[in-house]
Amino acid sequence: MLTSIFSGGRRYYNDGQSLRNVTINHILAFATGSGQVPLIGYAMPPTIKFIHHQYGVPTASTCTNTLYIPLPQSLSEPLRKEEEYFDMFDNCFTQEYFGQI
């Protein structure tokens, strides 16, 4: 399951470079609160954590520069179709207020 999620993430990022309106700056802003890396760097480097989340949407903690990617609640729960994930990520990452806690 994790291999599928990692390869999907790679495809999402590559698609974002050419097909989607999401850039690495959108993802960075969602996870850290700023779309650019500070000149002096981060006190805490950005991280990605995969978690079981009841709502199944990406969230972030801008205080810790952490992006939380949802996993299914259980191994028996089917994964969503890739395009559903990609559309959800597009929606989350392009709305500046979403996920910043």
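Is Phe93 buried or exposed? At 5% relative accessibility, Phe93 falls in the buried class. The structure discussed here is a predicted model, and the description below begins with its overall layout before returning to this residue and its surroundings.

The protein chain has 101 residues, of which 34% are buried. It contains 3 helices and 3 strands, and along the sequence these elements follow the pattern α-α-β-β-β-α. The mean pLDDT of the protein chain is 77, and 67% of the residues score at least 70. Confidence is not uniform across the elements: helix α1 (residues 2-18) has the lowest mean, 62, whereas β2 has the highest, 89. Where pLDDT is low, the predicted coordinates should not be read in detail.

The strands form an open sheet of 3 strands in the order β1-β3-β2, and the pairing is mixed. β1 (47-52) and β2 are the edge strands, each of them pairing on one side only. On average, neighbouring strands of this sheet are turned by 30 degrees against each other when direction is ignored. β2 and β3 run antiparallel and are joined by 3 bridges. Across this part of the sheet, Thr59 stands opposite Tyr68 in β3.

The largest nonpolar core has 14 residues, and those touching the most other members are Tyr12, Ile27, Phe30, Leu67, Phe89 and Phe93. Two or more residues of this core come from each of α2, β3 (66-71) and α3. The largest contribution is that of α3, with 6 residues. In α2, the buried residues are Ile27, Leu28, Ala29, Phe30, Ala31 and Thr32. Helix α2 is followed by Gly33, which has a positive phi near 95 degrees.

Aromatic contacts were examined next. A pair of aromatic rings is described by the distance of the centres and the angle of the planes. The count for this model is 2 aromatic pairs. In one of them, the ring centres of Phe30 and Phe93 are 5.0 Å apart and the planes stand at 75 degrees; the pair is therefore edge-to-face, the class for angles over 60 degrees. Phe30 belongs to helix α2 (residues 24-32) and Phe93 to helix α3 (residues 82-94), so this pair ties together parts that are 63 residues apart in sequence. Both rings belong to buried residues: Phe30 has a relative accessible area of 2%, and Phe93 has the value of 5% already given. Phe30 and Phe93 also form one aromatic cluster together with Phe89. These three phenylalanines are among the residues that touch the most other members of the largest nonpolar core.

The loop between β2 (59-61) and β3 holds two residues of separate interest, Asn65 and Cys63. Asn65 has a positive phi of about 55 degrees although it is not a glycine. Most residues other than glycine have a negative phi. With a relative accessible area of 9%, Asn65 is buried. Cys63, by contrast, is exposed, its relative accessible area being 63%. The C-alpha atom of Cys63 is separated by 9.1 Å from that of Ala31, a residue 32 positions away along the chain. Ala31 is itself one of the buried residues of α2.

How many disulfides does a search of the whole structure find? The search returns 0. The accessibilities of two cysteines can be set side by side: Cys63 is exposed at 63%, whereas Cys92 is buried at 3% relative accessibility.

A further loop position is Asn21, which lies between α1 and α2. Asn21 is exposed, with a relative accessible area of 68%. Asn21 and Asp90 are 69 residues apart in sequence, and their C-alpha atoms are 7.5 Å apart in space.

Terms used. Residues numbered from 1 in each chain as written. Predicted model: local features only at pLDDT ≥ 70, side-chain atom pairs only at ≥ 80, totals over all residues. Heavy atoms only, no water. Phe/Tyr/Trp six-rings, centres within 6.5 Å; stacked < 30°, edge-to-face > 60°. Helix = DSSP H or I, 4+ residues; strand = E, 2+ residues; numbered from the N terminus. Buried < 20%, exposed > 50% of the residue type's maximum accessible area, 1.4 Å probe, protein only. Core = buried A, V, L, I, M, F, W, Y, C linked by side-chain atoms within 4.5 Å. pLDDT = per-residue confidence, 0-100. Pairing = 2+ DSSP bridges. Axes fitted to C-alpha atoms, helices over the stretch in contact; angles between N-to-C directions. Disulfide = S-S within 2.5 Å.
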